[in-house]
Amino acid sequence: MEKTARLIIDGKTYELQVVEGSEGERAIDISSLRKETGLITLDPGYANTGCCKSSITFMDGEKGILRYRGIPVEQLAEKATFKETAYLLIHGKLPNTKELKRYSMLLNDHSLVHEDMKAFYTKFPRASHPMGILSAMVNALRSFYPELNNQTEEEEIMITMTRLMAKIRTMAAMSYKISRGHKVIYPRPDLSYCENFLNMMFDTPVMPYKINSLEVNALRVFWILHADHEQNCSTSSVRMVGSARVNLYAAISAGIAALWGPLHGGANQAVIEMLTMIHDSGGGYKKAIEKAKDKNDPFRLMGFGHRVYKTYDPRAKIMKKMCDGLLESLHISDPLLDIAKELENQARKDPYFIDHNLYPNVDFYAGIVLRAIGIPTNMFTVMFAIGRLPGWIAQWKESIYDPNWKISRPRQIYTGPVKRDYVAITERG
Ligand code: ACO
């Protein structure tokens with residue numbers, strides 16, 4: 001294999017180094033391009049641009065592979081806890097018994113949220129989207145938990161990472177309770193990470209929540225499937241904002257804001273809204289497919305397509321299987337599942353979707369799973385955010401310890417007016 005690439009500009013040849021990853025993917029290193037040639041590259045949406053070397057997550061979009069720190073997501077979804085998966089992503093290895101015990105203890109110790117934060121929650125207008133609230137409140141954490149004195153930078157980073165993992169589920173459940181005018185339920189030390197979240201969401205003083213192992217397992221799998229996905233839009237936002245050396249809370253808050261978008265994490269909510277629309281209009285799959293294919297119509301089939309996967313998203317495969325099993329075990333008949341399956345069948349037979357390599361992504365069946373465990377639609381993307389948090393933290397940590405760290409600062413090709421003079425207002429036409 002060539003170790004260099006040659007670039008010819010104005011008759012002059014430049015040698016650029018070819019970099020190879022551990023799974024054989026290759027890249028042309030252009031870090032000295034501008035210095036040597038005066039030119040930059042142009043790549044809207046960064047579809048051909050690698051922003052870093054990373055040892056966290058590997059995905060192969062052609063083969064439908066996803067691995068965290070080398071371990072296939074299928075194995076983790078089958079055998080691991082969400083806590084172990086988070087530890088694996090953040091610390092680079094599966095925890096041993098002692099490490100897991102200590103991690104669990106720390107997550108429990110840090111799981112409470114400063115009481116004064118409740119006041120902020122109650123002042124958001126009732127119709128506020130929970131993602132906007134979560135992004136704001138995570139950013140606000142820095143004010144409640146300022147830098148600690150007498151700690152090394154490394155200790156400070158460790159505490160902040162653990163604190164965020166511990167508090168995010170409490171904060172998410174708290175926003176739900178307050179939005180309903182209900183009493184906030186506190187985390188319990190005897191419950192697992194997933195059990196605790198469901199208990200904080202659904203327990204009430206008059207109707208104690210009964211832990212349901214099927215629901216707990218569904219949430220575990222849902223969060224593991226969302227735990228990292230290398231340099232997607234929200235993770236890149238975390239890295240980019242973090243590159244200015246801002247605190248972790250602010251960087252994660254930026255990631256949450258990016259995830260909110262309907263083309264990204266917001267798609268899980270958008271899928272359910274789309275399926276509901278089809279259901280309410282009497283099941284018009286064809287209309288939805290025709291609209292999605294119409295170039296003059298901005299409508300897209302939500303939960304379909306992916307920047308990297310040009311085959312079935314491996315997470316969607318697991319999610320679909322789990323969705324079927326969960327609904328059956330819980331004896332739930334959701335008409336939206338039938339619509340989703342039929343829509344998938346129709347779309348996958350359609351030449352437009354075949355030619356464009358459009359398959360269901362993780363969001364397509366995710367909403368139906370969340371509905372089955374009682375999560376309200378406007379909380380779906382918050383559920384995604386909780387799951388993605390370990391990935392964001394791991395990527396942020398990797399970036400700040402990267403010896404080649406640089407503040408993110410892309411360039412542009414300017415296409416505006418060339419130099420012209422200021423004209424006094426009385427002389428403007
Ligand atoms: N429905 C219809 N057409 C689609 C869809 C879709 N869901 N997705 C892509 N296309 C078409 C585009 O119109 C375009 O067609 P053209 O080449 O004929 O003009 C082609 O496929 C490529 O689309 P791009 O937008 O260039 O692909 P990109 O990689 O930039 O976008 C994205 C990926 C944003 C996920 C896109 O597929 C989409 O909008 N999907 C629907 C929203 C969604 O489900 N998002 C969740 C993604 S997974 C996640 O973030 C967790």
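A polar side-chain atom of R300 lies 2.8 Å from an oxygen atom of the ligand, and that contact is a good place to start looking around. Keep in mind that this is a predicted model. From the ligand, this briefing moves on to a three-stranded sheet and then to T37 in helix α1.

**Around the ligand**

- R307 also reaches the ligand: an N or O atom in its side chain is 2.8 Å from a ligand oxygen atom.
- Y352 meets a nitrogen atom of the ligand instead, with a side-chain N or O atom at 2.9 Å.
- On its own the ligand would expose 920 Å², and the protein buries 75% of that area.
- In total, 20 residues surround the ligand, and the closest are R300, L301, G303, R307 and H356.
- Sorted by class, this shell is made up of ten nonpolar, six polar and four charged residues.

**The sheet and its edges**

- Three strands form an open sheet in the order β1-β2-β3, and their pairing is antiparallel.
- β1 (4–9) and β3 (26–28) each have a single partner strand, so each stands at an edge with one side left without a neighbour in the sheet.
- On average, neighbouring strands of this sheet are turned by 30° against each other, direction ignored.
- As a general reminder while you look at the strands, side chains in a regular strand alternate between the two faces of the sheet.

**How β1 meets β2**

- β1 and β2 (residues 12–20) run antiparallel and are joined by six bridges.
- Two pairs help you find your way along them: R6 stands opposite E15 in β2, and I8 stands opposite T13 in β2.
- The hairpin of these strands has two residues between them, and D10 takes a positive phi near 50° there.

**How β2 meets β3**

- Three bridges link β2 and β3, again in the antiparallel sense.
- To spot the pairing, look for V18, whose bridge partner in β3 is I28.
- These two strands also form a hairpin, with five residues between them, and G24 in the turn has a positive phi of about 90°.

**T37 in helix α1**

- T37 belongs to helix α1, which covers residues 33–37.
- T37 has a relative accessible area of 17%, so it counts as buried, the cut-off being under 20%.
- The side chain of T37 reaches the backbone oxygen of L33 at 2.6 Å.
- A polar atom of the T37 side chain also lies 3.0 Å from the backbone nitrogen of L39.

How values were computed. Residues numbered from 1 in each chain as written. Predicted model: local features only at pLDDT ≥ 70, side-chain atom pairs only at ≥ 80, totals over all residues. Heavy atoms only, no water. Pairing = 2+ DSSP bridges. Helix = DSSP H or I, 4+ residues; strand = E, 2+ residues; numbered from the N terminus. Axes fitted to C-alpha atoms, helices over the stretch in contact; angles between N-to-C directions. Near = heavy atom within 4 Å. Polar contact = N/O pair within 3.5 Å; in protein donor to acceptor, adjacent residues only side chain to side chain. Areas by Shrake-Rupley, 256 points an atom, 1.4 Å probe, with all protein chains shown as cover. Nonpolar A, V, L, I, M, F, W, Y, C, P; charged D, E, K, R; others polar. Buried < 20%, exposed > 50% of the residue type's maximum accessible area, 1.4 Å probe, protein only.
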